[in-house]
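Please open the model in a viewer and keep the selection tool at hand. This tour proposes one selection after another and states what is found at each stop.

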Amino acid sequence: IFILSLGGCMSFGDSEDKQQVALGERSVAYSSGNDNTSLTIPPDLTKPKIIEAVPLPSNVNSEPIRILLPPEDITVEKMGQRRWLVVNKKPEDIWSLVKDFLKEYGFSIKKSDRKIGMIETDVLPRADEIPDQALGTIRSGLRSLLKTRYSLPVVDKYRVRIEPIDNGQKSEIYLSLTSLEEVLKNEGKKSESKIWQSHPKDYELEAEMLYRLMTYLGSDKAKAQEKFLNAKDKQSIKVILAQNENGYAILVFPLDEIETWRSVGWAFDELDIDIEDKDPKERSFYVDMARTADKGFFSRVFGEEAIKKTFQILVRKSGADATEVYFN
């Protein structure tokens, strides 16, 4: 899956013209969930993983006091459907602004780690996707009688990664969207139940939120739209799965170390994998993973933490235009 994600991030076409035309026009609203007690999200998606949990403020709709950045200090980079911002400010100068931006849409901060440069929100349902809770238990009866299908919720969460560049004097900002949808299992049967499953990524919404973050940081709306539309697409590449001299699998990128580092970090965002630690100088990431086969019985007996293994992902230059990625 990791390899497919890396390859996919480099092979998107230019099919996002519609999203560019509609940039800034889409209605984006989320419900805080205070009046939707029946919306139950799986525990692993809501339980804070310490570090820095922030409660949802009561005045999320108020405009915070902030220092806007000059519009020319923010540019847009692009590769396929992946876009990110380059800001002429140090990461510590924009850290709080990014948090405030997410809170304005009603999100609370689930995790944040300055060392890793990662901010992740809790999940919230899209306001236009929430089913009519007033129907209550009558809904299932009406569905059986009238053969009516009611929309079930779609919930979103955002991850923002802030990477230092130019010896820490500038920042790259990556924003990724992860969505889940509630679906009916065994619909119409006595064993009918609701489960959560992955929802296809809404690239238009992801781009819209990145554009809004850009304007929130100070960019003029018209200039921000122009920069999104005129961002030049970097070359498409092919990621190769190979073996090293010891027979272990490696990934080979036709990129330099920095570009490969960016691509691997983006792949972790797309796969919703938590980076526990990283070393930009060593070009390494550390992630904790548990095999699907080990979950279930073992996780119930020993706990999720007991079955996780730590992996080190190393990025190493192997030629003039090639970089290898190792998994330890």
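The stops below run from the whole chain to strands, single residues and enclosed spaces.

**Before selecting**

This is a predicted model, in which local features need pLDDT of at least 70 and side-chain atom pairs count only at pLDDT 80 or more, while totals for chains, interfaces and linings use all residues. Residues are numbered from 1 along each chain as its sequence is written, and side-chain values use heavy atoms, with hydrogens and water left out.

**Stop 1: the whole chain**

Select the protein chain and display it as a cartoon. The chain contains 9 helices and 14 strands; these are DSSP runs numbered from the N terminus, with helices being H or I of at least four residues and strands being E of at least two. Of its 328 residues, 45% are buried. Buried means under 20% relative accessible area, exposed means over 50%, and partly exposed lies in between, with a 1.4 Å probe and protein chains only. A contact means heavy atoms within 4.5 Å. Among contacts with a separation of 6 or more, 64% are between residues 24 or more positions apart.

**Stop 2: strands 10, 13 and 14**

Select residues 322-327, which form strand 14. Which strands pair with strand 14? Two strands are paired if DSSP finds at least two bridges between them. Strand 10 (residues 249-253) runs antiparallel to strand 14 and is joined to it by 4 bridges. Within this pairing, I250 stands opposite Y326. Strand 13 (residues 309-319) is also antiparallel to strand 14, over 6 bridges. Here I313 has F327 as its bridge partner. Strands 13 and 14 form a hairpin, with 2 residues between them.

**Stop 3: K278**

Select K278, which belongs to strand 11 (residues 275-279). Is K278 buried or exposed? K278 counts as buried because its relative accessibility is 7%. Now show the side chain of K278 and look for its polar partners. A polar contact is a pair of N or O atoms within 3.5 Å; within protein, one must be able to donate a hydrogen and the other to accept it, and residues adjacent in sequence count only if both atoms are side-chain atoms. The side chains of K278 and E163 make such a contact at 2.7 Å. A polar atom of the K278 side chain also lies 2.8 Å from the backbone oxygen of I116. Leaving aside residues up to four places away in sequence, K278 touches K115, I116, E163, W261, S284, F285 and Y286.

**Stop 4: I94**

Move to I94 in helix 4 (residues 91-104). I94 counts as buried because its relative accessibility is 0%. Add L217 to the selection: the two residues are 123 residues apart along the chain, and their C-alpha atoms are separated by 8.1 Å.

**Stop 5: the loop between strands 6 and 7**

Select D166 and N167, both in the loop between strand 6 and strand 7. Phi of D166 is near 50°, a positive value in a residue other than glycine. For N167, also a residue other than glycine, phi is positive and near 55°. D166 is partly exposed, with a relative accessible area of 45%, whereas N167 is exposed, with 80%.

**Stop 6: the second largest pocket**

Keep D166 selected and turn to the second largest pocket, which has a volume of about 320 Å³. Of the 13 residues that line this pocket, P164, I165, D166, P280 and R283 are the closest to its centre. On a 1 Å grid over the protein atoms alone, a pocket is an open set of points with protein on both sides within 12 Å along at least five of seven lines, a cavity is a set where a 1.4 Å probe fits but cannot get out, and lining residues have an atom within 4 Å of a point. Grid points are joined across faces, edges and corners, and a volume is the space filled by probe spheres set on the points. Strand 6 (154-165) and helix 8 (257-270) each supply at least two lining residues.

**Stop 7: the largest cavity**

How many cavities of 30 Å³ or more does the structure hold? There are 3. The largest cavity encloses about 140 Å³. Select Q81, R82, R83, L175 and E206, the closest to its centre of the 14 lining residues. Helix 6 (203-216) is among the elements that supply at least two residues to this lining, and helix 6 gives the most, with 4 residues.
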